[in-house]
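Grab your viewer and work through a few exercises, each with a solution laid out step by step. Try each task yourself before reading on.

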Amino acid sequence: MDALEEEEEDEQRVEEKLGGLAVSGDLQDVETKVPVKQDCVPKHSVDMSQLPSSYKTNSPKEKQLLRVVDNFLQQYIHLCPNRKPLFLHPVNECGVEKFVSTTVRPTLLPYMELYDWDGCASFVSDYLVMEPLECPITLPSSLYSPTTTLKHQRGNCFDFTVLLCSMLIGAGYDAYCVQGYATLETCTMDETQELCPLLRKPLETQVPKEEEKKKYRIKPLPDMQSKFELQQEVKKAAAIEASQKDKERDKKEVGNPKHEPLHGLRVHAWVLVLSGKREVAETFFINPFTGNRHNTTDKRFLGIESVWNHRNYWVNMQDCRHGCQDLIFDLGDAVRWEIMLSESNPLQLLPEEEEELFDSDTEREKRMSFDMPPSWVAPIRIPPREFETRYCQGKKVTLYNKAKLEKWAPYLNGNGLVQRLTICAGPDSHTYTSLEPKTGHTMEFYNEARVDGLQKRVETASEMTEYFMGRDDFLYLRHVDFGKQGDETQGIDMNSKPIVQIKECFHRNPEKPADEDVAECIFLITEENIHLTYHLKDKYITASKKLFHKLPQKASKEHKVFMTPETCTTYQAGSFEKGKSLFHLYNLLKELTAKEKRVKEQVQQSEAEVLTILKIRQTEEADIKLSVSIYNRERNEERRRQHEAMESTMKDELLGQKKQDLDYLAPFLIQNGCRDKLNKEQALCVRDDCLTDFKHHLTYKVNLIQARLEKAVEELQKRHLWFQENKNQLSTKEKDDYLFSCSESMFHINVIEQRLNREKQMAPQKYLALEDKLRMDPRLAEHLGYI
């Protein structure tokens, strides 16, 4: 009995130690209430044929280590059921379980910049591209080797941390990988609220001047001012300054409220550097995403579950309800940190588990004195060319508060540009964080210039929201949820993301009754359901609803829609009468099925449009050229040369015309056989022939424009007739092309009509002007009675 009581006391002691990190009841409620959406970020593909055998198999010592780790995990789960899981043995790129400590490969790279911690952290943050975790509150299922991470230049926070920790340990630092929790901005590498490092003012350090030693000097007068009063004034000024800062912070928080339902639950990994080695005076954290150094009391980091290096693994026993402010990082303290592989203070085994796992005390001693096997990771190497290029694709863009910092690799730009800082007028001047398709984007459009009235599009890896304005169908919002790329969901394009759900919201249409005007339509693609919610009627607090259960896809392949009383569930607000007839519901279901197909096509077109815009932006960013007005001939060299060439050509043409001295009456003089002097009959013939020819020219020009106008109108009518005959069979893209071509044709027709009217109005005036010119011509004026 005494032994059992001692075991119970030991179990209670360990539970109290390990329970410090237990998530509070409020956070657990938040976790259950807030739906967790998977950010579908697939890992990069790996060619396993090029990897060493240590990546594909486990050595006998590694297998024994995994058994030890499993035993440790069983005790941990049994004694601390409320604690979050530990990151112990995820699979690597070959699908083989590896203990996290053996994934750390200490390496000292042959570059001077990577000998200090800041150079290593800066290189890792610049060289790799961040990928978010598949689920923000759960651990990743895999951990790739640092060599694979370097090869693909991308990874999540754990990939960043393991690589950076390997480099720091190789450089002589006492560094550890940390599994814990952090704020939303830290986990998503959001620095839009931070001040750009280039804009920070350096700390001013005043060096006291050494007083000159003099043999004879006057004794200074005694200071009669009260030191106590000075101290009180300093405290009062500090209190006033602190209160002003608090007021400013409160104003900012009130102006920009942010509600984070997953606060304290977001999983993150970073690096811990302990004091002692490499003249490190104070323990600090390194955020691998940014490469910045942080104090261990920084409020960005909300808790720690465990730490590890290439030699061992420690579980945190301290209370993290107030973040990491009160943590003590003495890993040798068995009360605050539970070590995995150690001869002292081992975890208490359960009696039945001890008999099953270990046959004798000798085997238990072997387990506790188990040495860590060498790392299975191949040597980490970075070629000089890759180290010089540094950034992924040679460029890195970081968004700060009202600023954007761009960095390029040396010799990448022809003009030698390696860094550019853009300061914005406000925080809303920049929205997207990357031009890569799998990251989040916010695009704003001119809705008046678009046929669909699209005003804004917000897209992430798992969802897309579109906002509309001024549409005839009163649609103002469309929200789409996407599934994983491997899910079996309905889709037309195999390259597009599978659609799980589409929700459309509509404004009130006053021409329809409220219980017949749809306010929200949800297409549940995977569940084969359609939800309809109608607008509220006056003096009602509930809205009418309909739920359609579509038949499986076998019936849809036959292009048949079957309707039964169980197919539709209807709720009619404020009415006890039966709903619409079965025939009416059948027609509505048929219409909704066709609409679902159209909406899916529109979503896929939106995805394609996003990729097209990003591609165009990448092209523009890759080849930036200053746009100079064509009227600015001093700076626009090409336009200046064109203008000079045109002026030279015009001068040559004017000189040629003067030399030739063209005569407008020459053809008619030759036609009538006139040479030097004209008689009256010849003068009248020349005048009549010239006027007749000009009249024919004006008539021909008007007829030509009229014929072009009739042809354009006839083509538009044919196109309209074709559209009326085939509009039910056309896709959305073909309809948009038809509307665009009609708009172009109408513009062309309007231009021709204006030209035709102008010619008809100007023809009589031109005719009279020619007649006056003939009367004033010296060769004809004598016979026509004019001077």
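**Exercise 1: two loop lysines**

Lys-402 sits in the loop that links strand S10 (395-400) to strand S11 (403-408). Keep in mind that this is a predicted model.

Task: work out what the phi of Lys-402 is, then repeat the job for Lys-539.

Solution.
- Step 1. Start with the background: most residues other than glycine have a negative phi.
- Step 2. Lys-402 isn't a glycine, yet its phi is positive, at about 60 degrees.
- Step 3. Check how open the spot is: the relative accessible area of Lys-402 is 36%, and partly exposed covers the range between 20% and 50%, so Lys-402 is partly exposed.
- Step 4. Now move to Lys-539, in the loop between S19 and S20. Its phi is also positive, near 65 degrees, again in a residue other than glycine.
- Step 5. Lys-539 has a relative accessible area of 86%, and the exposed class begins over 50%, so Lys-539 counts as exposed.

**Exercise 2: an aspartate in a loop**

Task: decide whether Asp-333 is buried or exposed, and find which backbone nitrogen its side chain reaches.

Solution.
- Step 1. Locate Asp-333: the loop between S8 and S9 holds it.
- Step 2. Its relative accessibility is 17%, and buried means under 20%, so Asp-333 is buried.
- Step 3. Follow the side chain of Asp-333 to the backbone nitrogen of Val-335, at 3.0 Å.

**Exercise 3: the sheet of 7 strands**

Task: which strands stand at the edges of the open sheet of 7 strands?

Solution.
- Step 1. Write down the order, S6-S5-S4-S3-S7-S8-S9, with antiparallel pairing.
- Step 2. Strand S6 (292-295) and strand S9 (337-339) each have a single partner strand, so each has one side without a neighbour in the sheet, and these two are the edges.
- Step 3. Add the twist, which averages 35 degrees from one strand to the next.
- Step 4. Zoom in on one pair: S3 and S4 run antiparallel and are joined by 7 bridges. Gly-180 stands opposite His-268 in S4.

**Exercise 4: the sheet of 9 strands and its helix**

Task: find which helix packs on the open sheet of 9 strands.

Solution.
- Step 1. The order here is S13-S14-S15-S16-S17-S18-S19-S20-S21, with antiparallel pairing.
- Step 2. Strand S13 (441-444) and strand S21 (568-571) are the edges, since each has a single partner strand.
- Step 3. Direction ignored, neighbouring strands of this sheet are turned by 10 degrees against each other on average.
- Step 4. For one pair, take strand S18 (residues 518-524) and strand S19 (residues 529-534): they run antiparallel, with 6 bridges between them. Glu-520 stands opposite Thr-533 in S19.
- Step 5. Helix H15 (residues 582-622) is the one packing on the sheet, with S13, S17 and S21 among the strands it touches. The direction of H15 makes about 105 degrees with that of S17.

**Exercise 5: the cores**

Task: say which element gives the most residues to the largest nonpolar core.

Solution.
- Step 1. This core has 59 residues, and those with the most contacts inside it include Phe-99, Phe-158 and Tyr-313.
- Step 2. Elements giving two or more residues include helix H4 (60-79), helix H8 (157-170) and strand S3 (175-182).
- Step 3. H8 comes out on top, with 10 residues.
- Step 4. Look around Phe-99: its contacts include Leu-65, Tyr-313 and Trp-376.
- Step 5. Another core, of 28 residues, lies apart from this one, with Cys-521 and Leu-585 among its members.

Key: Residues numbered from 1 in each chain as written. Predicted model: local features only at pLDDT ≥ 70, side-chain atom pairs only at ≥ 80, totals over all residues. Heavy atoms only, no water. Core = buried A, V, L, I, M, F, W, Y, C linked by side-chain atoms within 4.5 Å. Buried < 20%, exposed > 50% of the residue type's maximum accessible area, 1.4 Å probe, protein only. Helix = DSSP H or I, 4+ residues; strand = E, 2+ residues; numbered from the N terminus. Contact = heavy atoms within 4.5 Å. Pairing = 2+ DSSP bridges. Axes fitted to C-alpha atoms, helices over the stretch in contact; angles between N-to-C directions. Polar contact = N/O pair within 3.5 Å; in protein donor to acceptor, adjacent residues only side chain to side chain. Lists of a residue's contacts leave out its neighbours within four places in sequence.
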